[in-house]
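With the structure open in your viewer, please follow this short tour from one selection to the next. Each stop names what to select and then says what is there.

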Amino acid sequence: MAKPTKRRVQGGRTTPKGGPTRAPKVTEPTPSARYTPPIPRDVKISPIWVPILMFVFLGIGTLVILVNYTGAVWDTSNWVLLGGLGAILAGIVTATQYH
């Protein structure tokens with residue numbers, strides 16, 4: 001059985017053929033626009049009030065929800081639960097700012 005003949009494609013390359021090119025000798029690396037210098041350590045450190053505020057929000061939110069379920073201080077209400085959940089959410093948001 002004979003081999004099928006190859007189809008010839010009309011036209012040429014759409015991109016130039018890549019071959020060896022002579023690059024000028026560079027002693028230093030060229031600066032790149034994608035380089036981002038590292039952030040200094042003093043910028044990364046959060047102030048001491050950030051974790052304190054985070055734990056205060058989380059503690060108050062948990063305490064409000066527990067007191068609401070026991071009914072020890074005030075009448076149980078969904079608005080109090082929403083306030084406790086809001087305080088816990090504020091603690092979680094504050095936790096994202098801690099470095």
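Begin by selecting Asn 68, which is buried because its relative accessible area is 2%, under the 20% that marks the limit for that class. The model on screen is a predicted one, and within it Asn 68 belongs to helix α2. Now extend the selection to what surrounds this side chain: once its neighbours within four places in sequence are set aside, Asn 68 is in contact with Trp 74, Asp 75, Thr 76, Ser 77, Val 80 and Leu 81.

Next, move along helix α2, which covers residues 49-70, and select Trp 49. Is Trp 49 buried or exposed? With a relative accessible area of 52%, Trp 49 is exposed, whereas Asn 68, in helix α2 as well, is buried.

Keep Trp 49 selected and add Ile 48, Ile 52, Leu 53, Val 56 and Ile 60, since these residues and Trp 49 form a nonpolar patch on the surface. Taken together, the members of this patch have about 590 Å² of accessible area.

Finally, clear the selection and display the whole chain, which has 3 helices and 0 strands and reads as α-α-α along the sequence. Of the 99 residues in the chain, 13% are buried, Asn 68 being one of the buried residues. The chain exposes about 9600 Å², of which carbon and sulfur atoms supply 64%. If you draw the contacts with a separation of 6 or more, 57% of them are accounted for by residues 24 or more positions apart.

Technical notes: Residues numbered from 1 in each chain as written. Predicted model: local features only at pLDDT ≥ 70, side-chain atom pairs only at ≥ 80, totals over all residues. Heavy atoms only, no water. Patch = residues over 30% accessible without salt bridge, like charges linked within 9 Å, V, L, I, M, F, W, Y side chains within 5 Å. Areas by Shrake-Rupley, 256 points an atom, 1.4 Å probe, with all protein chains shown as cover. Salt bridge = Lys/Arg side-chain N within 4 Å of Asp/Glu carboxyl O. Helix = DSSP H or I, 4+ residues; strand = E, 2+ residues; numbered from the N terminus. Buried < 20%, exposed > 50% of the residue type's maximum accessible area, 1.4 Å probe, protein only. Contact = heavy atoms within 4.5 Å.
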